[in-house]
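Please open the model in your viewer and keep the selection panel at hand. The stops below follow one another, each saying what to select and what to look for there.

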Amino acid sequence: MITYLKVRNLAIVEEFSIEPGPGLNVLTGETGAGKSLLIDSLEFLRGARSSSEMIRTGSDKMSAEAIFEVPARMAATLEELGVDVEKSGEALELIVKREIATSGRGRVLVNGSAISVRELGDAMDAVLEIHGQNESHTRVAGQTYRELLDQFGAHEPLLAGAREAFASWREVSEQLRELTTAHRDRALRLDLLKYQIDEISASRLDPSEETTLRSERSILAHAREMIEATAGAFRLIDEDESSSLTQLGRAHHLLQPLAREIASLRQISEDLQEITYKLQDVARTLGHLSDSVRHDPARLDEVEERLVTIERLNKKYGGSVEAVLEHLSRISDEFEQLSDYESSLGKLEKSEAEQFNAYRKAADKLSATRKKSADVFQQAIQTELRDLAMEGTTVRIELSTATDRDSRFPDSIAFGPEGYDRVEILIAPNRGEEPKPMQKIASGGELSRIQLAIAAALFKRSARGAAATLVFDEIDAGIGGRVAEVVGRKLQELAAANQVICVTHLPQIASFGSTHFHVWKEDVKGQTRAKIRRLDDHEERVSEIARMLGGESIPASAVLHARELLDAARGKPARARA
């Protein structure tokens, strides 16, 4: 939902900012006061085409920015667009800003990351849905018609089955494609694979060998120095008459008689004994090294040659012995498949056919269920339309298919992870007319009410609801009285699960708002400026709704009626008329 909106230099708006609340937000004001400019700013933020003519006279640029709270599931889509996101539980914050200058140049920022206008439209597709006189929708509440039908019918288990079966078939199909492609150059590929297998196998690589060889090379390369150093150190410690061990023994012998009587000397004597033991261990190790190390140029050459072989294979096949051995395993499997091409091809063709049949059964079952749900959904929408004074409007949900000449289905039916159905909502606004695609018919107000009917029917069936902020403009065109009250109640009902923003001229609809904004215009230094203010005080709302009922000269009866409308919208009993 939108938590903050700020607009600068749009037509007669110098600057305004609002904080829409959850639930139903209503905007009211006199005709021409600038209510539609808020819709224009939201359209601008949704990725609509812009023009420098939108900029307020005397200004260099216009801008709109908003803060959205959106579902965490959108993170992946935003990250693909290069937008940085921070999750906070089940939601994440989205800061969207768009500007356009008088030169026609503009920019779009989402969480500080620059993206294109087309990418903005993709990002906002499931966040902000606007229904008004200039709209041509193929979506409702941020969802495609197919998604609406699947949500209404609770088809998620069947959808999951179809997606899983499709993924399994695609995996085997890709293996089959690769094998078939490889067969075209089979002889050359077999020769190459055999050469690589023989080369790697002949080397008899061991993952631990390289480290051992490098250690041995260091010893062999410094054998002469090592022999001299270890022998010399051994003599100094143990062999000469003045060696360290001899001197330690004499020191220990001098202290030993007194160590029995004097505690401090006893500790020193024990320390000397401990040092003697450790030095004896060191001497033995030095002696062993001195005897074991040999100057062996031939062995050094062997080690160097072996390391050159290992490094060459590493560089050629993966960077490490482990990677080279993994490569050997892969090409051995490929060599075996190509060597026994007919057998491998037969197995994969059988598996591919089985996986496709499993997918086709899942898609057929999903399609059959969709047809049943479409009939129920159609009737539910029809019922909602009757409440909205559109009794003469006919709704038909039509399932069709597209074609793909490479399709495995009969009649070249195109298919995908969600099956093969294309869902269209057809509308006939008047009796006797042939239903046509919804986005091609009806006036702005009629289209908004049709969208409301669809959303209301969906909301009553689905506990989840959609995540988009829904904006309705001109939804009250051509209605009044009892029908206006029904529309208002439906908006209120829909707003229980979605944030709804509605521009209205009807007091019956305005009374249902949980957040109410008043728009007016005034002259500032000879220029007209649009202003907007949130009506937080109850009496302010009463006055505004009374103005909508009775005009600028507000009679007492209009004030009383306004209170009754507000009370009725909240389920309070009607006040007694004076």
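Begin by selecting Thr28, whose bridge partner in β17 is His518; bear in mind from here on that this is a predicted model. Now widen the selection to the whole of strand β3, residues 24-28, where five of the five residues are buried and the strand is mostly covered. If you show the side chains, you will find Leu24, Val26 and Thr28 pointing one way and Asn25 and Leu27 pointing the other way, and all of them are buried.

Add the two strands that pair with β3. Strand β17, residues 515-524, runs parallel to β3 and is joined to it by four bridges, and within this pairing Val26 stands opposite His516. Strand β16, residues 500-503, also pairs with β3 in the parallel sense over four bridges, and here Val26 stands opposite Cys502.

Next, extend the view to the sheet that holds these strands. In what order do the six strands of this open sheet lie? The order is β9-β15-β16-β3-β17-β18, and the pairing is mixed. At the edges stand β9 (128-131) and β18 (527-534), each of which has a single partner strand, so that one side of each is left without a neighbour in the sheet. Looking across the sheet, neighbouring strands are turned by 20° against each other on average, if direction is ignored.

Keep Leu27 of β3 displayed and select Leu38. Apart from its neighbours within four places in sequence, Leu38 is in contact with Leu27, and also with Leu5, Phe16, Ile18, Ile501 and Ile532. Leu38 is also among the residues with the most contacts inside the largest nonpolar core, together with Leu5, Leu42 and Phe68; this core has 48 residues. Helix α1, residues 35-45, gives the most to the core, with six residues. A second core, separate from this one, has 43 residues and includes Leu149, Ala457, Ala468 and Ile475.

Leu149 leads to the next stop, helix α4. Is this helix largely enclosed or left open by the rest of the structure? Seven of its eight residues are buried, so α4 is largely enclosed; the buried residues are Tyr145, Arg146, Leu148, Leu149, Asp150, Gln151 and Phe152. Just after the helix, select Ala154 and inspect its backbone, which takes a positive phi of about 55°.

From α4, turn to the other open sheet, which has three strands in the order β12-β13-β14 with antiparallel pairing. The edge positions are taken by β12 (394-400) and β14 (436-437), and because each has a single partner strand, one side of each is left without a neighbour in the sheet. Helix α4, residues 145-152, packs on this sheet and touches β12 and β13, its direction making about 95° with that of β13. Strand β13, residues 422-428, runs antiparallel to β14 and is joined to it by two bridges; to see one of the facing pairs, select Ile427, which stands opposite Lys436 in β14.

Now follow the chain into the loop between β12 and β13, and select Ala414 there. This residue is partly exposed, with a relative accessible area of 21%. Ala414 lies ten residues from Asp404 in sequence, and the C-alpha to C-alpha distance between them is 4.9 Å. Leaving out residues up to four places away in sequence, Ala414 touches Asp404 as well as Ala402, Thr403, Ser407 and Tyr420.

The last stop concerns helix packing around α12. Select helix α11 (residues 297-317) and helix α12 (residues 321-339), whose axes come within 9 Å and cross at roughly 60°. The two helices are therefore oblique to each other, and their crossing is left-handed. At this contact, Ile310, Leu313, Asn314 and Tyr317 in α11 meet Val321, Ala323, Val324 and His327 in α12.

Finally, replace α11 with helix α6, residues 186-203, which packs with α12 at an angle of about 145°, the axes being 9 Å apart. This crossing, between α6 and α12, is left-handed. Residues making the contact include Leu190, Leu193, Ile197 and Ile200 of α6 and Val324, His327, Leu328, Ile331 and Phe335 of α12.

Methods: Residues numbered from 1 in each chain as written. Predicted model: local features only at pLDDT ≥ 70, side-chain atom pairs only at ≥ 80, totals over all residues. Heavy atoms only, no water. Core = buried A, V, L, I, M, F, W, Y, C linked by side-chain atoms within 4.5 Å. Buried < 20%, exposed > 50% of the residue type's maximum accessible area, 1.4 Å probe, protein only. Contact = heavy atoms within 4.5 Å. Pairing = 2+ DSSP bridges. Axes fitted to C-alpha atoms, helices over the stretch in contact; angles between N-to-C directions. Parallel < 35°, antiparallel > 145°, perpendicular 65-115°, else oblique. Left-handed = near helix turned anticlockwise from the far one by under 90°.
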